[in-house]
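Colleague: I'd love a close look at one part of this model. Could you walk me through the place where the two chains meet?

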Amino acid sequence: MTMRKITKNSGVIIIASFWILIILSALALSIAYRASVGLKLMQYYKNQIDAGIITKEAIRKFIELSENGEYAYNNPGCFKDIEINNGIFSIVAQEKDEVSGETIYGAEDEDGRININSPFITKEMLLKLPHITDDFAQDIIQYRSELKKGLSRIKNIEELFLLPSFNIQSLSTILEFMTVYGGGRVNINSAKKEVLTALGIDEMLADAIIAYRDNCPITDMEEVGLRNGKDYMTTESKCYRLNISVKAGKINKKTTVILEKGSYKIKYWNES
Amino acid sequence: MRDKGFTLVELLIGLTIFCILAVTIFGAFRSGILSWDKIESRLNEEQNMVTLFSILEREIHNLVEYKEKPFFGTKDHINFYTIKNIEEDGVCLNYIYNISYSIQNSDLIKTEARLGNFHKEKYMKLLRIKQVNFKYFSGGEWNNEWRDKEVLPKIIKIEIEASKNHYQKTIFIPITHSIDDYA
């Protein structure tokens, strides 16, 4: 067959161009797929960077609001789902409140916890906290005194997990009631009942204090009949704990920050 | 119409045209594939680097002081303690890790050791690099070394040059709780 005969057959050109079209579109599809994977990855990193920026913005916003006299501890209007730079942040004090069962938005008071670095906190006090074994309380006190000889202190609460007698049962107790930051004295305005009773206050008085402070904050310990214990109790707070959760695109980022009052120095930072 | 076939001249002209076309098309394809490969390997390198930096950034943000020797750094070696949140057997716990990055035979090496009862050690070859350069900001000036100091540096600068493509990346990571006034 000659060339002329082949090209004279009807439909040859159209079939050839179809083939070329199919091959080219397969090529285009593969390039587009490769590019879309790259784009998705870049979007992921962009969101991650955004989440970091929003976290910092959230801290700035918190400082600004509390400087302007906004209530820092339970204030959903200021700290719930705030939109900022194409993302959303909330500051959560407690996922589920024991009394109302609702989420509390705002800062947590770091001084509502027992500061295990304080020399006035004894083994007996620690033992009154739930799920703390005798060995573990002993280990904490011993670890503290060993560090104190070298003029040091417990710098991270995570160091307690390294003690030989640590067990998983006491984990939530440590995370909920203990701290190594803050002023060293427990703020009776924000301490939980377990903390108040651990400090040697009997249950009746602890309940009375909690009922009293809900109406108006305690400014003097003698108001609620506490004459002793000024070495380890106070009515003021020195540190905020902010649990910031940020949503940027598909990224959910959680950061815990401990912020000193007044100077706004960051004492602790942990991001997921 | 009678079938006459081709003359020699026709054949030669045809062959020449065919050769020119073949060489051009081959060259175009070759350069296309080469640049595709190059971009692919560069993208790979970029992605490796971005992943490395995002991990490093988190580790340095979460950096903690632990006992006497909290932080040690030279030009191509860095060693610090950090906190990692890890879920194991349904329990989510913050562990303290000792992490170090260094260079061995132009590989970037990471070692991480979990402290205490849950001791675990890992040795990882991350990527092939030409050089790495750590610098430490004290608040007033940039230092090439950070040892025997009681305070943490404020910012760490990391420059990495990849072994291929001369691809270079620089990043500044602040140590959040070492910066004085946040507001």
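**Where chain A meets chain B**

Modeller: Happy to! Across the interface of chain B and chain A, the rule finds 1 salt bridge. This is a predicted model, so please read what follows in that light. The salt bridge joins the side chains of B:Glu40 and A:Arg34, at 3.0 Å from N to O. As general background, side chains of opposite charge can pair when their charged atoms come close.

Now to the helices. Helix H2 of chain A (residues 12-67) and helix H1 of chain B (residues 8-61) have axes that come within 12 Å and cross at roughly 20 degrees. Because the angle is under 35 degrees, H2(A) counts as roughly parallel to H1(B). Their crossing is left-handed. On the H2(A) side, the contact is made by A:Ile31, A:Arg34, A:Gly38, A:Leu41, A:Tyr45 and A:Gln48. H1(B) answers with B:Trp36, B:Glu40, B:Leu43, B:Gln47, B:Val50, B:Thr51, B:Ser54 and B:Arg58. Sorted by class, this helix contact has 6 nonpolar, 5 polar and 3 charged residues.

For the chains as wholes, the contact takes 33 residues from chain A and 32 residues from chain B. The area buried between them is about 3200 Å², and carbon and sulfur atoms give 59% of that.

Over all chains, the structure holds 21 salt bridges. One of them lies within chain A, where the side chains of A:Lys46 and A:Asp50 meet at 3.0 Å, N to O. These two residues are 4 residues apart in helix H2 of chain A, so about one helical turn separates them.

Key:
Residues numbered from 1 in each chain as written. Chains lettered and ligands numbered in written order. Predicted model: local features only at pLDDT ≥ 70, side-chain atom pairs only at ≥ 80, totals over all residues. Heavy atoms only, no water. Axes fitted to C-alpha atoms, helices over the stretch in contact; angles between N-to-C directions. Parallel < 35°, antiparallel > 145°, perpendicular 65-115°, else oblique. Left-handed = near helix turned anticlockwise from the far one by under 90°. Contact = heavy atoms within 4.5 Å. Nonpolar A, V, L, I, M, F, W, Y, C, P; charged D, E, K, R; others polar. Buried area = accessible area lost by both parts, 1.4 Å probe. Salt bridge = Lys/Arg side-chain N within 4 Å of Asp/Glu carboxyl O.
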